[in-house]
Amino acid sequence: MASRGSQYQWSARGFIAPGVILVAVLLYLPLLWTTFLSFTEYNGLGDPDWIGFGNFAEMFEDPGFIVSLLNTLLWVVGTLLIPVGIGLALALLTWNLPGGVWLRVPFLIPYALSGIGVGLIWSFILSSNGALDQALGAFGIADTPRWLVDAPLNTVVMIIAAAWQGVGVNALLFTIGLNSIPKEPLEAARVDGATGGRLFTSILWPMLRPLTAVVVGLSIVASLKTFDIVLGMTKGGPGGASETLALTMYKETFVNSDYGLGSAIAVFLTIVTMIAAVLYLRQQLSKKHEF
Amino acid sequence: MSRILRTSVLVVFGVIWLLPVYLLIVNAAKSPLTFTSTESWVPTDFSLLGNIAEALQLSGLGDSVLSTLIYALVSPAVAVLVGAAAGFAIVALRLKHGFAWFVVIFGGTVFPLQMVLLPLFDGYSRVGLFDTQLGMILVYTAISIPFSAFVMRNFFTGVAHNVFEAAVLDGATTWRIFARLYLPMASSALVAIFILQATFVWNDLLLGLTLSQSDNVRPIVTTLAGMQSTYGGAQLSTVLAAGVLVSLPTVVLFLLTQKFFARGLALGQY
């Protein structure tokens, strides 16, 4: 077998080359360049000046960056609790339900929208005297908060907008997970009289754990990169109060032309993303051996 | 919980979930004459098509429709083929250190997009790719490849290796085996990846914002983001109509393929 396989090595290299080359040139080279720039002072003109960890020090002394960091943290927590939780609930509600596929449709529509589209709708709803205020006014509630202006309320309402968008795909993933659970243990549990909450805690939840790891991992990684919705709804304002790390990075780089600082924020964001992904997946994958 | 209770809960929440969509459509359909921002919940007239026509002229949205369509069709198509070729090399042709090469390709998806923005902007400006359709196609393709390679490698792992050996005995070349045997076999997975990546490309904001400038190169979502900050008041209905126009293709595509898509994803799990 080994000798037969080896005669195709040249052919195999030809087949894998386009993928490797495109990814290397357009993703890895830029990645290395950003890492290098994060240790320099550079505004795009002339040559980058090496300043070691200067940008990173500057970052943590900047109160604006700390606000952005805390907002990003809020995004991670909010995105974990709301869309993952509701997504699981929806999957359980539609599971084995006649017409369940159709009942899921309303939740999937927002998922196909762009972040800017979601931002557009929700800005319209939440603007002062917008659709929400009008609805509340009809119930006699006139004194509403300034949804998109007051911090941290503006971040919270944007998290809700993002949840509105993300619930459907989480429900879909959990549904795939539920459908892949073998029938035998389910039948056995039902025969033993396990239903509802008991069935969920003793059978469904443990069986769903590997998939939950994936969903949670994806949610963390995605929420760390939050950009579109915030740009669309508040532009990070007022005065940077609702900025996220991804938005701060964009502003430092492309608005302030501080390439070094922007790159340092990108590197920081990457490190946090990596740590979150590795920690979470390691913990989850080791638990998998319990059953 | 009983079936009826479950269904009613789902229906009630489904209706609540669609309220923002209702508001979008109702207000995008108001003509600038009847539009008032104080009566958001009540439909007045149906000028959606007129508003969309207006939006297409207003701020270069019409110019970017065609190029966005090209990006969302060409890049995912190329990426699906490149990813399938990589999976084929690793699984069927048993490339030496195949798993290491797979990790190299897949690793491209692990980093936040923010890590590549500035060098791409910088590098594109130097080599003349900034603000070109080719530049946009290249970057969207590269970004779509890792996921495609991931799903296709998984898919081909499920194909018995004697399929390949039998084809070799019949005298087929590796290219022929790939194009005539492995690709057609994987069509459902290929389409599922294509749909996902096309949706991603169509909805991209960040790369469009960074790597393009002209109306005819700039992707549609990026143009929409610009419109949102430029226009307000009575023209808000035009901006909302633009939002409907931008969102329609992905929503329709997604709903049409929902069942199939779930199946394709489930295949990718193994």
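This report looks at charged pairs, aromatic rings, one helix and one surface patch in a predicted model.

**Salt bridges**

Side chains of opposite charge can pair when their charged atoms come close. Over all chains, the count of salt bridges comes to three. The table lists them with their N to O distances.

| Salt bridge | N to O distance |
|---|---|
| Arg146(A) and Asp150(A) | 2.9 Å |
| Glu243(A) and Lys251(A) | 3.2 Å |
| Arg126(B) and Asp122(B) | 3.5 Å |

Take the pair of Arg146(A) and Asp150(A). Arg146(A) is exposed, at 51% relative accessible area. The cut-off for exposed is over 50%. Asp150(A) is partly exposed, at 26%.

Next comes the bridge between Glu243(A) and Lys251(A). Glu243(A) has a relative accessible area of 12%, so this residue counts as buried, the limit being under 20%. Lys251(A) is partly exposed, with 26% relative accessibility.

The remaining bridge joins Arg126(B) to Asp122(B). Where do Arg126(B) and Asp122(B) sit in chain B? They belong to helix H5, which covers residues 114–127. They are four residues apart, so about one helical turn separates them. An α-helix has 3.6 residues a turn, so residues three or four places apart point the same way. The cover on the two partners can be checked too. Arg126(B) is exposed, at 60% relative accessibility. Asp122(B) is buried, at 11%.

**A covered helix**

Helix H13 of chain A runs over residues 245–255. Is H13 mostly covered or mostly open? It is mostly covered, with eight of its eleven residues buried. The buried residues are Leu245(A), Ala246(A), Leu247(A), Thr248(A), Met249(A), Tyr250(A), Glu252(A) and Thr253(A). Lys251(A), the salt-bridge partner of Glu243(A), is partly exposed. After H13(A) comes Ser257(A). Its phi is positive, near 50°.

**Aromatic rings**

A pair of aromatic rings is described by the distance of the centres and the angle of the planes. The whole structure holds 33 aromatic pairs over all chains. One of them joins Phe200(A) and Trp205(A). Their centres are 5.9 Å apart, and their planes meet at 35°. This pair is tilted. Both rings belong to partly exposed residues: Phe200(A) has a relative accessible area of 22%, and Trp205(A) has 31%.

Why is the pair of Phe121(B) and Phe130(B) called edge-to-face? Their planes stand at 85°, and planes over 60 degrees apart count as edge-to-face. The ring centres of Phe121(B) and Phe130(B) lie 5.5 Å apart. Phe130(B) is partly exposed, at 22% relative accessibility.

Aromatic residues also gather in a cluster. Which residues of chain A join this cluster? They are Tyr8(A) and Phe15(A). From chain B come Phe88(B), Phe155(B), Phe156(B), Phe164(B), Trp175(B), Phe178(B) and Tyr182(B). Together these residues form one aromatic cluster.

**A patch of negative charge**

The surface also carries a patch of negative charge. Its members are Glu41(A), Asp47(A), Asp49(A), Glu58(A), Glu61(A) and Asp62(A). Asp49(A) lies in strand S2 of chain A, which spans residues 49–50. How is Asp49(A) placed, buried or partly exposed? Its relative accessible area is 48%, so Asp49(A) is partly exposed.

Definitions and conventions: Residues are numbered from 1 along each chain as its sequence is written. Chains are lettered from A and ligands numbered from 1 in the order in which they are written. This is a predicted model: local features need pLDDT of at least 70, side-chain atom pairs count only at pLDDT 80 or more; totals for chains, interfaces and linings use all residues. Side-chain values use heavy atoms; hydrogens and water are left out. Patches are made of residues with over 30% relative accessible area and no salt bridge: like charges are joined within 9 Å, nonpolar side chains (Val, Leu, Ile, Met, Phe, Trp, Tyr) within 5 Å. Accessible areas come from the Shrake-Rupley method with a 1.4 Å probe; for residues, only the protein chains shown count as cover. A salt bridge is a side-chain nitrogen of Lys or Arg within 4 Å of a carboxyl oxygen of Asp or Glu. Lys and Arg count as positive and Asp and Glu as negative; His and the chain ends are not counted. The place of a charge is taken as NZ of Lys, CZ of Arg, CG of Asp or CD of Glu. Helices (H or I, at least four residues) and strands (E, at least two) are DSSP runs, numbered from the N terminus. Buried means under 20% relative accessible area, exposed over 50%, partly exposed in between (1.4 Å probe, protein chains only). Rings of Phe, Tyr and Trp (its six-membered ring) pair if their centres lie within 6.5 Å; planes under 30 degrees apart count as stacked, over 60 as edge-to-face and the rest as tilted.
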